[in-house]
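Trainee: I am new to this structure and would like to go through it slowly, with the reasoning spelled out at each step. Could we take it one topic at a time?

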Amino acid sequence: MNILAAANAGGGFGVGAIAMYVVFIAAIFYFMAYRPNKKEKAKQAELFASLEVGDTVETASGFYGVLIDITEDTVIVEFGNNKNCRIPMRKDAIVKNEKMTS
């Protein structure tokens, strides 16, 4: 019995300390990685929900165009005054809707 008591009384690294470090690291991960990503996805979903035909949008490559057609996951954007310059692209290529900034 004396040997067990001596081993437990030693200032070792206990399970409680390990659990505390795991919780601390998980909290840091949540606030630095998961939470900002969740906010960005909500902002992007709001942008996609606000899109309507005729809106002026900015693409990820920096081009401005007018939405001609919108489907579930793609859009057709018309660039410039040339009516023949219509390009289909994924919705996630749109980074800004000009009517939201006005």
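**A guided reading**

Mentor: Let us begin with one residue, Met20, which is exposed, with a relative accessible area of 52%. Please keep in mind throughout that this is a predicted model.

Trainee: In which helix is the place of Met20?

Mentor: Met20 counts as exposed because its relative accessible area is 52%, and exposed means over 50%. As for its place in the chain, Met20 belongs to the helix that covers residues 15–50, which is α2.

Trainee: How much area does the nonpolar surface patch that includes Met20 make up?

Mentor: Met20 contributes to this patch together with Tyr21, Phe24, Ile25, Ile28, Phe29, Tyr30, Phe31, Met32 and Tyr34. One of these residues, Tyr30, is partly exposed at a relative accessible area of 33%. The nonpolar patch made by these residues comes to about 1,100 Å².

Trainee: How are the rings of Tyr30 and Phe31 arranged as an aromatic pair?

Mentor: A search of the whole structure finds 3 aromatic pairs, and Tyr30 with Phe31 is one such pair, with 5.1 Å from centre to centre and 80° between the planes. Tyr30 and Phe31 also belong, with Tyr34, to one aromatic cluster. Since planes over 60 degrees apart count as edge-to-face, the arrangement of Tyr30 and Phe31 is edge-to-face.

Trainee: How many residues apart are Phe63 and Phe79, whose pair links distant parts of the chain?

Mentor: The ring centres of Phe63 and Phe79 lie 6.1 Å apart with their planes at 70°, so this pair is edge-to-face. Phe63 is in the loop between β1 and β2, whereas Phe79 is in the loop between β3 and β4. Along the chain, the separation of Phe63 and Phe79 is 16 residues.

Trainee: Which of the two counts as buried, Phe63 or Phe79?

Mentor: Phe63 has a relative accessibility of 52% and therefore counts as exposed. Buried means under 20% relative accessible area, and at 12% the residue that counts as buried is Phe79.

Trainee: In what order do the strands of the open sheet follow one another?

Mentor: The open sheet is formed by 5 strands, and their pairing is antiparallel. Its edge strands, each of which pairs on one side only, are β4 (86–90) and β5 (94–97). From one strand to the next the twist averages 45°. Read across the sheet, the order is β4-β3-β2-β1-β5.

Trainee: Which residue of β5 stands opposite Val57?

Mentor: Strand β1 is joined to β5 by 3 bridges, the two strands running antiparallel, and β1 also pairs with β2 in the antiparallel sense over 3 bridges. Towards β2, Val57 stands opposite Gly65. Towards β5, the residue opposite Val57 is Asn97.

Trainee: Which residue takes a positive phi in the hairpin of β1 and β2?

Mentor: This hairpin has 4 residues between its strands, while the hairpin of β2 and β3 has 3 residues between them. In the hairpin of β1 and β2, the residue with a positive phi near 95° is Gly62.

Trainee: Why can the salt bridge of Glu58 and Lys96 be said to tie together parts of the chain, and how many residues apart are they in sequence?

Mentor: The side chains of Glu58 and Lys96 meet at 3.4 Å, N to O. Glu58 counts as buried at 16% relative accessibility, whereas Lys96 counts as partly exposed at 31%. Because Glu58 lies in strand β1 and Lys96 in strand β5, the pair ties together parts whose separation in sequence is 38 residues.

Trainee: Is Glu78 buried or exposed?

Mentor: Glu78 lies in β3, where Val66 stands opposite it, and its side chain meets that of Arg86 in a salt bridge at 3.0 Å, N to O. Arg86 is partly exposed, with a relative accessible area of 43%. Glu78, by contrast, has a relative accessibility of 7% and so counts as buried.

Trainee: With which residue does Arg90 meet in a salt bridge?

Mentor: The count comes to 3 salt bridges, and one of them involves Arg90, which is exposed at a relative accessible area of 56%. Its partner counts as partly exposed at 39% relative accessibility. The two side chains meet at 3.0 Å, N to O, and the partner of Arg90 is Asp92.

Methods
Residues numbered from 1 in each chain as written. Heavy atoms only, no water. Pairing = 2+ DSSP bridges. Axes fitted to C-alpha atoms, helices over the stretch in contact; angles between N-to-C directions. Phe/Tyr/Trp six-rings, centres within 6.5 Å; stacked < 30°, edge-to-face > 60°. Buried < 20%, exposed > 50% of the residue type's maximum accessible area, 1.4 Å probe, protein only. Patch = residues over 30% accessible without salt bridge, like charges linked within 9 Å, V, L, I, M, F, W, Y side chains within 5 Å. Areas by Shrake-Rupley, 256 points an atom, 1.4 Å probe, with all protein chains shown as cover. Salt bridge = Lys/Arg side-chain N within 4 Å of Asp/Glu carboxyl O.
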